Amino acid sequence: MKFPRHFFQSQVASPSPSQIASIIDAACCDVLVLDADFIISTAAQNQLDHVANRIRTVNPDAYVFAYISPADYQSYQSDFVCRLKLGFDPEWLVRSVGDKKPIALFQAPDGTSSYLMNLTMPAFREHLLKTICSFPALTSPHMTGIYLDWGCEVGWIVDKKKPDGTPFVPGGVDLFNNGVPTPKDVMDEAWKAGWNDLARQLAGPPGRVVVGNCGWQGNPGFVASGMMVEGFMAGGAIQPGTWGSWSQVMKNYAYYSGAGVWLPMSWIQHNCSLLG
């Protein structure tokens, strides 16, 4: 095994010639994480075989993953998002206790928002799993597996503030749709259990690898192949009281590296900001 090993991640959905060229150029990396919509659109244009073969020509041993977010309900339109919205129950969106509105966690440069989907709900996990598996390109032999985002703690949402210092989520987070603020530790435990269940189902077929994202703290029920520690040098991992101390995060990285099942692999994102 050669070291250091490198990975490349792109969340660009459009399979433009320039984007395809940049991904092929990045095939020298050991791990490539490509947006699910890029893979779906490339397959729809009958280019997936070409792109995959070019990647394998550059690097026969490259691991190629399809990026899936199990938490972001996007406002924009794409093949994956549109199919996910078919039969989507609004009750699967996490709401605040104060105004009972869905929580819009992030806003894209074009002004669209992404709302937090509730990974703790079995019905939502089943719907998401069916959506993923309905696109053959995402689970084709060209793909090593699924890169499943949000394998992390979510209790930080409770402490999140608006620019004016007021709570980002008024009245607290209602994770269980019971009108009561959910404590942070309960949120984290329930979320990780939901993520683990989805990862277990995605990894069901022998040989399909599932890798998670975040990895700042431990996950006792971890069942995937590995975890990426996001934004390691961007502040969280080196500021005690946020995502933990340097030693704590490194211990968790070692844990995920050893706990991985079926082609174990974990890695650290250390050369870009949390917004990049």
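1. A good place to start is Phe7, which counts as partly exposed because its relative accessibility is 22%. Please keep in mind throughout that this is a predicted model. Trp267, by contrast, has a relative accessibility of 9% and so counts as buried.

2. These two residues also meet through their rings, in one of the 15 aromatic pairs that the structure holds. The ring centres of Phe7 and Trp267 are 5.4 Å apart with the planes at 40°, so the pair is tilted. What I like here is the reach along the chain: Phe7 belongs to strand 1 (residues 7-10) and Trp267 to strand 12 (residues 267-268), so that the pair links parts of the chain 260 residues apart.

3. Compare that with Phe88 and Trp92, where the planes stand at 85° and the centres are 5.3 Å apart, so this pair is edge-to-face. Phe88 and Trp92 are both buried.

4. Back to Phe7 and Trp267: which cluster do ring pairs build around them? Ring pairs join Phe7 and Trp267 with Phe65, Tyr67 and Tyr147 into a cluster. It is worth displaying these five side chains together.

5. Strand 3 (residues 63-68) deserves a look next. Five of its six residues are buried, leaving this strand mostly covered. On one hand, strand 3 runs parallel to strand 2 (residues 31-35), joined to it by five bridges, and Val31 stands opposite Tyr63. On the other hand, strand 3 runs parallel to strand 8 (residues 145-151) with four bridges between them; here Ile68 has Leu148 as its bridge partner.

6. A separate item is the open sheet of three strands, ordered 4-7-6 and paired in the antiparallel sense. Its edges are strand 4 (72-74) and strand 6 (104-107), each of which pairs on one side only. From one strand to the next, the twist averages 35°. Three bridges hold the antiparallel pairing of strand 4 with strand 7 (residues 113-116), and one match to check by eye is Asp72 with its bridge partner Leu116 in strand 7.

7. Now the helices. Two packed helices are described by the angle between their axes and the distance between the axes. For helix 5 (residues 122-133) and helix 7 (residues 184-202), the axes come within 11 Å and cross at roughly 35°. The crossing of helix 5 and helix 7 is right-handed. Helix 5 contributes Arg125, Leu128, Leu129 and Ile132 to the contact, while helix 7 contributes Gly194, Asp197, Leu198, Gln201 and Leu202.

8. Two charged side chains sit over rings, and you may enjoy finding them. Arg83 lies over the face of Phe135, 3.9 Å from the ring centre. Lys160 lies over the face of Phe168, at 4.8 Å from the ring centre.

9. Finally, a word on Gln19 in helix 1 (residues 17-25). Is Gln19 buried or exposed? Its relative accessible area is 11%, so Gln19 is buried. Which residues is Gln19 in contact with, leaving aside its neighbours within four places in sequence? They are Ser10, Val12, Ser14 and Phe38. As for Leu202, named above in the contact of helix 7 with helix 5, its C-alpha atom is separated from that of Gln19 by 28 Å, with their positions 183 residues apart along the chain.

Methods
Residues numbered from 1 in each chain as written. Predicted model: local features only at pLDDT ≥ 70, side-chain atom pairs only at ≥ 80, totals over all residues. Heavy atoms only, no water. Pairing = 2+ DSSP bridges. Helix = DSSP H or I, 4+ residues; strand = E, 2+ residues; numbered from the N terminus. Axes fitted to C-alpha atoms, helices over the stretch in contact; angles between N-to-C directions. Phe/Tyr/Trp six-rings, centres within 6.5 Å; stacked < 30°, edge-to-face > 60°. Buried < 20%, exposed > 50% of the residue type's maximum accessible area, 1.4 Å probe, protein only. Lys NZ or Arg CZ within 6 Å of the ring centre and 35° of its normal. Left-handed = near helix turned anticlockwise from the far one by under 90°. Contact = heavy atoms within 4.5 Å.
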